[in-house]
Amino acid sequence: MRRPEPKSCIFEHIYFALPNSVVFGRSVYESRRAFGEILAMEAPVECDVVIAVPDSGVVAAIGYAAKAGVPFQQGLIRSHYVGRTFIEPSQKIRDFGVKLKLSPVRAVLEGKRVVVVDDSIVRGTTSSKIVRLLKEAGASEVHMRIASPPIIGSCYYGVDTPSAEELISYKMKVEEVRQFIGSDSLAFLPLGSLQNMLGADSPNFCYACFSGQYPIMPGSKVKRVGDFVDDGVTGDVDGGWVQTAAPVKA
């Protein structure tokens, strides 16, 4: 009998865990700082200031700024009375949540070439609102840097991610995503670079949302657009499931 090979969720280091945590034997702070440093080396751009999408993008932005030799400043202020928007049930609620949650600092942004670091792009709608907020606050250029690879697969192991058809990187190439969100440039953390940074620990993590390769394949029931929530697409809550998974695009 084949022995089980447990896999740890890499998204704990990208998004979920607090920066002061040690998760799966690794410092979350050090992981996120390294993600930012890798982005600065592999996707550099001329800029005047580096900012973060708070709170989960902050440490990666600090790493990017330090490696790039550019000041890190607080260009977006987050209200802590609004929850995580990517898991809100409807698109209208998500859009409204972005406006409530994040406020730009014009003194930091006006006339500046801005690198903004975020942890991930899921549907793309939050990122497009952030880019628009920054440009309305006077940023001359907005360069989006994402401290994770493109998300192309849904999670079937407990994370409340959308169906694959709702994931923007499942449907679009990087340049198409850039055009959709309206940034002047866009770069993701390459999956290979993420795995190299993890070193000997790399085989212990699950990367299914980035690669479409699942440690345990989903069974006969998988997520579809509109499952359990009004996603703003179907307009109803039917709790239904699709019997077979859609193929993951290469």
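Leu-194 touches Ile-10, Phe-35, Pro-149, Leu-189, Tyr-207 and Phe-210, leaving aside residues up to four places away in sequence. The model is predicted.

Leu-194 belongs to the largest nonpolar core, which has 31 residues. Ile-10, Val-50, Leu-194 and Phe-210 have the most contacts inside this core. Several elements give two or more residues to the core: helices H1 (11–16), H2 (28–42), H3 (58–68), H9 (191–198) and H10 (208–211), plus strands S4 (49–52) and S7 (113–118).

A second core is separate from the largest one. This second core has 24 residues, including Val-49, Val-116, Val-177 and Leu-186.

Strand S7 deserves its own description. Of its 6 residues, 5 are buried, and S7 is mostly covered. S7 pairs with S4 and with S8, as tabulated here.

| Strand pair | Sense | Bridges | Facing residues |
|---|---|---|---|
| S4 and S7 | parallel | 4 bridges | Ala-52 and Val-117 |
| S7 and S8 (residues 141–146) | parallel | 6 bridges | Val-115 and His-143 |

In the S4 pairing, Ala-52 stands opposite Val-117 of S7. In the S8 pairing, Val-115 has His-143 as its bridge partner.

A helix also belongs with this pair. S7, helix H6 (residues 125–136) and S8 form a β-α-β unit. The unit is right-handed.

S7 thus appears in several settings. It gives two or more residues to the largest core. S7 also runs parallel to S4, and it pairs in the parallel sense with S8.

Note on methods:
Residues numbered from 1 in each chain as written. Predicted model: local features only at pLDDT ≥ 70, side-chain atom pairs only at ≥ 80, totals over all residues. Heavy atoms only, no water. Core = buried A, V, L, I, M, F, W, Y, C linked by side-chain atoms within 4.5 Å. Buried < 20%, exposed > 50% of the residue type's maximum accessible area, 1.4 Å probe, protein only. Contact = heavy atoms within 4.5 Å. Pairing = 2+ DSSP bridges. Right-handed = clockwise from strand over helix to strand, strands pointing away.
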